[in-house]
Amino acid sequence: MMKRLPRLPRSRASDSVFDILRENILGRGFRPGDRLDVRALADQLGVSATPVKDAVTRLAAEGLVEIRPRSGTFVAELAADAVAETFEIRRALECLAAEHVIGRLTPDLLSRFTAIVDALERPVSTDRERAQHEQKNVELHTLLVETTGNRRLTDLYRSLNAHLVVARVHSRRSPEQSRLDQERREHRAILEALDARDATALVAALDRHIRRAGAALVDDVREAGVGAA
Ligand SMILES: [Zn+2]
């Protein structure tokens, strides 16, 4: 039998470097396609190269950084095609989840869904409110997938990191009010389908919501040229 290994303390430098780089990729600090020079970053941050390399590896696992052999490390591109592909997979996974959610829905879970949808109707005007709104949106969709109790589906869904794509696009181009109103109606429709325990309506509501949201993001990337370095 394998010996139980001790839990190692996580290096603080490594975590801080990860947080700083991630914030700058999700915000406006770095642009898609920017080269990340490990040595230069280490110098700038006053740390050794190791925590920077560790952070870069973790960011690559999230799809935020691309490590190109013999070429270098770059902030991942934000191409319209890749956004469209991510949202197609997301839609398929959430609609699959929707087929299994109703059977497992408890009153407790329904009130959690209700609380999240209520919170999503709060006004959004500042960057901070936008970030909170996006966080609540992630919570809603992740709870939906988790409710299936299907671990593989949940892992697959999480590894898609669709919310990071959303955050990257929105940090460069804030969604218009009309789009937020549309989104609210769609979230209400999802909640109503849950409340009515209507699996067909739930699949349809999610399908519409994710199709519309994906198309809007693709438009943003194309129009604002946010993918261009
Ligand atoms: Zn949503």
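Here is a short walk through this predicted model, from the whole chain to its zinc site, its cavity and a few individual residues.

Let's begin with the overall layout. The chain is built from 10 helices and two strands. Reading from the N terminus, the order of the elements is α-α-α-β-β-α-α-α-α-α-α-α. If you align the chain with its principal axes, its C-alpha atoms fill a box of roughly 55 × 55 × 30 Å. Of the 229 residues in the chain, 44% are buried. The contact pattern is worth a look too: taking contacts between residues at least 6 apart in sequence, 76% join residues at least 24 apart.

Now turn to the metal. Four protein atoms serve as donors to the zinc ion: OD1 of Asn137 and the NE2 atoms of His141, His187 and His209. Their distances from the zinc ion run from 2.1 to 2.3 Å. Along the sequence, these donor residues follow the spacing N-x3-H-x45-H-x21-H. Two of them show how the site links distant parts of the chain: His141 belongs to helix H6 (residues 127-147) and His187 to helix H9 (residues 177-195), 46 residues apart. Both His141 and His187 are buried.

What is the geometry of the zinc site? The angles among its four donor atoms span 86 to 165°, and the site is irregular. For reference, the ideal angle for four tetrahedral donors at a metal is 109.5 degrees. A tetrahedral label needs all angles between 85 and 135 degrees, so the 165° end of the range rules it out here.

Next comes the empty space inside the protein. The structure holds one cavity of 30 Å³ or more, and the volume of the largest cavity is about 270 Å³. Its lining is made up of 19 residues, and those closest to the centre are Asn137, Val166, His170, Glu183 and Ala213. Asn137 is a name you have already met, as one of the zinc donors. Several helices share the job of lining this cavity: helix H4 (80-101), H6, helix H8 (162-172), H9 and helix H10 (199-224) each give two or more residues. H10 gives the most, with six residues. Sorted by class, the lining has nine nonpolar, four polar and six charged residues.

Helix H8 deserves a stop of its own. How many of its residues are buried? The count is 10 of 11, and H8 is thus described as mostly covered. Among the buried residues of H8 are Val166 and His170, both of which also appear in the group closest to the centre of the largest cavity.

His170 leads us on to Arg130, a residue of helix H6. Why does Arg130 count as buried? Its relative accessibility is 13%, and the cut-off for buried is under 20%. Setting aside residues up to four places away in sequence, Arg130 touches Val124, His170, Ser171, Ser174 and Pro175. His170 and Ser171 in that list are among the buried residues of H8.

We finish with Ile210, which sits in helix H10. With a relative accessible area of 1%, Ile210 is buried. Beyond its neighbours within four places in sequence, Ile210 is in contact with Phe87, Arg90, Arg91 and Glu94. As a last distance to check in your viewer, the C-alpha atoms of Ile210 and Pro32 are separated by 24 Å, with their positions 178 residues apart along the chain.

Technical notes
Residues are numbered from 1 along each chain as its sequence is written. This is a predicted model: local features need pLDDT of at least 70, side-chain atom pairs count only at pLDDT 80 or more; totals for chains, interfaces and linings use all residues. Side-chain values use heavy atoms; hydrogens and water are left out. Donors are N, O and S atoms within 2.8 Å of the metal (3.2 Å for Na, K and Ca); water is not among the atoms, so sites may look incomplete. Four donors count as tetrahedral if all angles lie between 85 and 135 degrees; four count as square planar and six as octahedral if opposite donors are over 155 degrees apart and all others between 65 and 115; anything else is irregular. Helices (H or I, at least four residues) and strands (E, at least two) are DSSP runs, numbered from the N terminus. Buried means under 20% relative accessible area, exposed over 50%, partly exposed in between (1.4 Å probe, protein chains only). On a 1 Å grid over the protein atoms alone, a cavity is a set of points where a 1.4 Å probe fits but cannot get out, and a pocket is an open set with protein on both sides within 12 Å along at least five of seven lines; lining residues have an atom within 4 Å of a point. Grid points are joined across faces, edges and corners, and a volume is the space filled by probe spheres set on the points. Ala, Val, Leu, Ile, Met, Phe, Trp, Tyr, Cys and Pro count as nonpolar, Asp, Glu, Lys and Arg as charged, and the others, Gly among them, as polar. Contact means heavy atoms within 4.5 Å.
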